Amino acid sequence: MVRAGLTTDRLVRAGAELADEVGFDQVTVSALARRFDVKAASLYSHLKNSQDLKTRIALLALEELADRAADALAGRAGKDALIAFADVYRDYARAHPGRYAAARHPLDPESAAASAGGRHAQMTRAILRGYDLPEPGQTHAVRLLGSVFHGYVSLETAGGFSHSAPDSQESWTRILDALDSLLRAWPTA
């Protein structure tokens, strides 16, 4: 018998909250069951296993990030779009560290194709069109932006910049200015 009120969506959202509290790696069906004060077996009518739960949290995180990025990019172009896009990732990682980690969770090809990951790539490429980058430079720039955003956010959330001046916001602003300059002067093959 399914416990009243438990749905797959509710469990995934609770799993995402748990990830933010204890870390994505610590999320399991058993940990989620404890949160609802039920036996883990009662959740298996909604979730296959812990891997399924993690995949669903990853899909939720990718969707949330894509929705926030789309809202932030509306009506922006060039450097303004670049900054808005970067800030979405940084703000999301700070507010939802477990979900941000989930967004980096490896997905099988079918799940990846159905995820909001494609929307992220489309938005990144839309920003880069404002810099008039042809292929293959555009692909290289997508990889650069992802690496810089993720690297900075990962170091910052781990406390890597908290021990010295200047403030990490000042560095973030300077880095985005440098990325804008680099994209405007992108080297040709």
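**Exercise 1. Two loop residues**

Asp37 lies in the loop that runs between helix 2 (29-36) and helix 3 (50-73) of this predicted model. Give the phi of Asp37 and decide whether Asp37 is buried or exposed; then do this for Asp132 in its own loop.

*Solution.*
1. Phi of Asp37 is near 55°, which is a positive value in a residue other than glycine.
2. The relative accessibility of Asp37 is 65%, and exposed means over 50%, so Asp37 counts as exposed.
3. Asp132 belongs to the loop between helix 7 and helix 8. Its phi is near 55°, again positive in a residue other than glycine.
4. With a relative accessible area of 66%, Asp132 is exposed.

**Exercise 2. Cis peptide bonds**

Find where the cis peptide bonds to Pro136 and Pro166 are placed relative to the helices.

*Solution.*
1. The bond from Glu135 to Pro136 has omega near 0° and is cis. Pro136 sits in the loop between helix 7 and helix 8.
2. Ala165 and Pro166 are joined by a cis peptide bond with omega about 0°. Pro166 is in the loop between helix 8 and helix 9.

**Exercise 3. The faces of helix 9**

Compare the span of helix 9 with the expected value, and work out how its buried residues are arranged about the axis.

*Solution.*
1. Helix 9 (residues 168-184) has 17 residues. From first C-alpha to last it reaches 24 Å, close to the 24 Å expected at 1.5 Å a residue.
2. Its buried residues are Ser168, Trp172, Leu176, Leu179, Asp180 and Leu183.
3. Viewed down the axis of helix 9, these buried residues fall within an arc of 125°, so they line one face of the helix.
4. Those buried residues pack against helix 4 (78-95), helix 7 and helix 8 (137-157).
5. On the other side of helix 9, Arg174 and Arg184 are exposed.
6. At the start of helix 9, the backbone nitrogen of Gln169 has a side-chain oxygen of Asp167 within 2.9 Å.

**Exercise 4. The surroundings of Thr124**

Describe the polar partner and the contacts of Thr124 in helix 7.

*Solution.*
1. Thr124 is part of helix 7 (residues 117-129).
2. At 8% relative accessible area, Thr124 is buried.
3. A polar atom of the Thr124 side chain lies 2.9 Å from the backbone oxygen of His120.
4. Setting aside neighbours within four places in sequence, Thr124 is in contact with Phe85, Val142 and Leu145.

**Exercise 5. Salt bridges**

Take three of the 14 salt bridges and state which parts of the chain each one joins.

*Solution.*
1. Arg13 and Asp9 meet at 3.4 Å, N to O. Being four residues apart in helix 1 (residues 8-22), they are separated by about one helical turn. Arg13 is partly exposed at 39%, and Asp9 is partly exposed at 47%.
2. Lys79 pairs with Asp177, with the closest N and O atoms 2.7 Å apart. Lys79 is in helix 4 and Asp177 in helix 9, so the pair ties together parts 98 residues apart in sequence. Lys79 is partly exposed at 28%, as is Asp177 at 29%.
3. Arg90 and Glu156 meet at 2.6 Å, N to O. This pair links distant parts of the chain, with Arg90 in helix 4 and Glu156 in helix 8, 66 residues apart. Buried means under 20%, so Arg90 at 2% counts as buried, and Glu156 at 12% counts as buried.
4. Salt bridges with shared partners join Asp9, Arg13, Asp20, Glu64 and Arg99 into one network.

Notes. Residues are numbered from 1 along each chain as its sequence is written. This is a predicted model: local features need pLDDT of at least 70, side-chain atom pairs count only at pLDDT 80 or more; totals for chains, interfaces and linings use all residues. Side-chain values use heavy atoms; hydrogens and water are left out. Buried means under 20% relative accessible area, exposed over 50%, partly exposed in between (1.4 Å probe, protein chains only). A polar contact is a pair of N or O atoms within 3.5 Å; within protein, one must be able to donate a hydrogen and the other to accept it, and residues adjacent in sequence count only if both atoms are side-chain atoms. Contact means heavy atoms within 4.5 Å. The expected span of a helix is 1.5 Å times one less than its number of residues. The arc is that of the directions from the helix axis to the C-beta atoms. A salt bridge is a side-chain nitrogen of Lys or Arg within 4 Å of a carboxyl oxygen of Asp or Glu.
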